[in-house]
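Visitor: I'm new to this one, so could you take me through a single part up close? I'd like to hear about the aromatic rings and what surrounds them.

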Amino acid sequence: MQLRRIRQLTHRVYQRICRAVLPDSILTIDVDAHVESFQEKEDARWHSILNAHRTRKILSGTLSGIETLESGWVVAVTYYNGFRVIIPMEEMMINLSGDGRENANTLNRQTRIANNMLGCQIDFMVKDLDAESKSVVASRKDAMMKKRQMFYESENPEEKPMLYPGRIVEARVIAVAARAVRLEVFGVEVSVRARDMAWEWISGIFVFTRKGKNGKRKKTGKMKKPGKMSEERSVGSPTKKK
């Protein structure tokens, strides 16, 4: 026991001496102080992304751009811990129902909606990464499917899932247009038209909400398995016409 204590003290003294004399470390005024270099900070930030990839953790970031790569790949761009993250458009899982452009090219429809989502918060999961170039490829689809399992399903058939018909929940506003708002509700993306938000005439949906704002909404109707959901949706409490 005493020998172990001596070894611990020796190790501490050695660490203090190393900080003071090693040429590649930052010489600090206080013996016990430690200043992280830029490389150490970057390594720590990259390590958090590696852990998220290994543990399949859901990350969040602001959608900052839509780009077309030299290969012709259309991707959404976000940043996490200072590192650029690209999400292929097919991994964005954008709900195209009700956009009024059923005869248009699917990629063009997805890109148009994604451009309207710029500045909103999105969830994603890391699919692949390269340590040398510090490049990250992610999937919003994987994150949304995982959230559906977490909130819309219950491991015990006798227990209610966290999200059930009639429960009031917060929805993430991801896009706003003059006559419709696009919401993400725990992994399910829906569009709500202005006429479903209020019974009275309004000049535009901006009266009620804006992109990036969270709002309460009530889930009603019969719920099916994720991916095959058909519910009646409403946001807030409609204002009755006087």
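Guide: Let's start with Phe151, which is buried, with a relative accessible area of 17%. That puts Phe151 under the 20% cut-off, so "buried" is the right word for it. Bear in mind that this is a predicted model. The ring partner of Phe151 is Phe186: their centres are 4.6 Å apart and their planes meet at 50°, so this pair is tilted. Phe151 belongs to helix H4 (residues 140–152), while Phe186 sits in the loop between strand S8 (180–185) and strand S9 (188–193). The two are 35 residues apart, and the pair links distant parts of the chain. Phe186 has 25% relative accessibility, so Phe186 counts as partly exposed.

Now for another pair, out of a count of 3 aromatic pairs. Here Trp46 meets Phe83, with ring centres 5.2 Å apart and planes at 70°, so you're looking at an edge-to-face pair. An angle over 60 degrees is what earns that label. Trp46 is part of helix H2 (residues 38–55) and Phe83 is part of strand S4 (residues 83–88), so this pair ties together parts that lie 37 residues apart in sequence. Both Trp46 and Phe83 are buried.

Trp46 has a charged companion too: the charged end of Lys134 sits over the Trp46 ring, 5.3 Å from its centre. Look for a similar arrangement at Tyr164, where Lys160 lies over the face of the ring, 4.4 Å from the ring centre.

Notes. Residues numbered from 1 in each chain as written. Predicted model: local features only at pLDDT ≥ 70, side-chain atom pairs only at ≥ 80, totals over all residues. Heavy atoms only, no water. Phe/Tyr/Trp six-rings, centres within 6.5 Å; stacked < 30°, edge-to-face > 60°. Helix = DSSP H or I, 4+ residues; strand = E, 2+ residues; numbered from the N terminus. Buried < 20%, exposed > 50% of the residue type's maximum accessible area, 1.4 Å probe, protein only. Lys NZ or Arg CZ within 6 Å of the ring centre and 35° of its normal.
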